[in-house]
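Grab a pencil and work through a few short exercises on the model shown here. Each one comes with a solution that goes step by step.

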Amino acid sequence: MSDIITVKNLVEIYSDGTKAVDDISFSVKEQEFFGFLGPNGAGKSTTIKILTTLLRKTSGSVTVAGHDIFSDAAEIRKIIGVQSQETTVDGDLTGRENIILQGHFQQMESSKLKKRVNELLQLVGLESAADKRARNYSGGMKKRLDLATALVHEPKLLFLDEPTTGLDPQSRTAIWGYLQKLNKEEGTTIFLTTQYLEEADKLCKRLAIIDFGKIVANGSPAELKRQVGADSIRIGLENCERDRDKAKSIIKTMTGVAEIVDSEECINVYAQNASSLIADIVRALDSTDIRLTSVTFSQPSLDDVFVKHTGRRIRAEELVKAPSAMFGGRR
Ligand SMILES: Nc1ncnc2c1ncn2[C@@H]1O[C@H](COP(=O)(O)OP(=O)(O)O)[C@@H](O)[C@H]1O
Ligand SMILES: [Mg+2]
C-alpha cells in the first residue's frame, strides 16, 4: 500500500509564540489505522487541523492523497472526513437533519443522501433518536452523531480527534466497534488521536507517540512494547529525591537489568527476569537505609513505552462513569 499522508519536518508556531508542533515527520499508508497518542497539550489537535486544511502550517511539507495541503486544499476536503475534538452538532436540528446538512455541504445528490443518512443512523445506533433535537442528546450520542456526520460522503480518509474522550465505557466500546468495522470492511484509512493507551493499543495498527510537539516513538503497539524490551518494575521510595541515585547504582549492577529510568513513583526498572529480580531488589535496598514504599511489576504496556521515552505517565481525562441515559434509559 502506498502512503496516503506524508508529513515532513512539520512545525507549527502559534502567534503567541507557542511551538505546538516541533519538527515532526511521519507517514500513513492507505487503509491503515494510524494513531497519535499523547497527553493533553501534546500537539495532536494542532496536527489534525493542519492535515485537514483548517490551520496553516508554519513550515514543513504535508501531502494528503498526493495533494499538497496548501495548494490543493479543496481537493483534499472532498476525500476526507473530519471529526473535530469539540462537538459540531447543531442542537436546534435533529440528528437526521445534522447529517443531511453535511451531505448538502458535500453536494450529495438527494436520493443517495437519504439512503446514506439511514445507513449512518443505523451504524452509530441513533435510529430511534434520529428525529429528536440534538441538543437533548447525551455526550456519547453527540459524539456518535459527529462521527456519522463526518462519514456522510463516504470519505476514504477519516480524521478523528479524540473521538471517545469523556465518554462512558459503553459508548466508547460502541465507537471502537464502528471504527474497526469501517477500517476492515470499507477499507477506510483512519487517523485517530487519543490520550487513552488502551484505545491506541486496541485500535491502531501503527502509532506515533507525541509529547510536547515531538514524536518520541513510532511503530506498531507490539513493536513499541517489544522495544521496551522487558517487563517493568516500578519502585516507589519514601525519600525519592535523596535516595534515587543511590538506589539506581545498586540496582544497575544486578543481572538482567536492561534499563533504569526516573518515573513518577521514583524509578522504573526494565528487566528480562523481572519477577525473580524483585526479591533481589527488595533485599538489596533493605540492607541500606533506603525505604521502599511500593514495588509493582507489569509486562510492558504502552504506558511503559510512554514512560520510557518521557519519564512520565500519560494522564488521560477520566472516563465518565455512569452512562448518561436519555429517552427513558435507552443507551
Ligand atoms: N490557538 C492557539 N494559540 C496558542 N496556543 C495554542 C493554540 N491552540 C493550542 N495551543 C497550544 O499548543 C499546544 C498544543 O495544543 P493541542 O494541539 O491542542 O494539543 P492536544 O490536542 O494534543 O491536546 C498546547 O500547549 C496548547 O496550549
Ligand atoms: Mg486536542
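Before we start, one cut-off: a residue counts as buried if 20 or more other C-beta atoms lie within 10 Å of its own, as exposed if 12 or fewer do, and as partly exposed in between. Also keep in mind that this is a predicted model.

**Exercise 1.** Work out whether β14 is buried or lies in the open.

*Solution.* Start by finding the strand: β14 covers 292–298. Next, apply the cut-off to its seven residues: the number buried is zero. So β14 lies largely in the open.

**Exercise 2.** Put the four strands of the open sheet in order, and find which of them stand at the edges.

*Solution.* Step one is the order, which reads β12-β13-β11-β14, with antiparallel pairing. Step two is to look at the ends: β12 (257–262) and β14 each have a single partner strand, so one side of each is left without a neighbour in the sheet. Step three is the twist: on average, neighbouring strands are turned by 20 degrees against each other, direction ignored.

Now check the pairs at both ends. β12 meets β13 (residues 266–271) over five bridges, in the antiparallel sense. One place to look is D262, whose bridge partner in β13 is I267. On the other side, β11 and β14 run antiparallel and are joined by six bridges. There, R234 has T296 in β14 as its bridge partner.

Finally, add the helix: α10 (residues 274–286) lies across β11 (231–237), β13 and β14, and runs at about 170 degrees to β14.

**Exercise 3.** Find which helix gives the most residues to the shell around ligand 1.

*Solution.* First, look at who surrounds the ligand: among them are Y14, D16, N40, K44, S45 and T46. Then sort the shell by type, and you get three nonpolar, seven polar and two charged residues. Last, turn to the helices: α1 (residues 44–51) gives the most, with three residues.

**Exercise 4.** Decide whether K114 is buried, exposed or partly exposed.

*Solution.* Locate K114 first: it sits in helix α4 (residues 110–123). Count the other C-beta atoms within 10 Å and you reach 14, so K114 is partly exposed.

**Exercise 5.** Find where the pLDDT of the model stays under 50.

*Solution.* Begin with the whole chain: its mean pLDDT is 92, and 96% of its residues reach 70 or more. Then pick out residues 327–331, where pLDDT stays under 50. For that stretch, the model has four contacts beyond four places in sequence.

Notes
Residues are numbered from 1 along each chain as its sequence is written. Chains are lettered from A and ligands numbered from 1 in the order in which they are written. This is a predicted model: local features need pLDDT of at least 70, side-chain atom pairs count only at pLDDT 80 or more; totals for chains, interfaces and linings use all residues. A residue is near a molecule or strand if its C-beta atom, placed from the backbone, lies within 6 Å of it. Helices (H or I, at least four residues) and strands (E, at least two) are DSSP runs, numbered from the N terminus. Ala, Val, Leu, Ile, Met, Phe, Trp, Tyr, Cys and Pro count as nonpolar, Asp, Glu, Lys and Arg as charged, and the others, Gly among them, as polar. Two strands pair if DSSP finds at least two bridges between them. Axes are lines fitted to C-alpha atoms, for helices over the stretch in contact, and angles run from 0 to 180 degrees between N-to-C directions. Two residues are in contact if their C-beta atoms, placed from the backbone, lie within 7 Å. pLDDT is the predictor's confidence in each residue, from 0 to 100.
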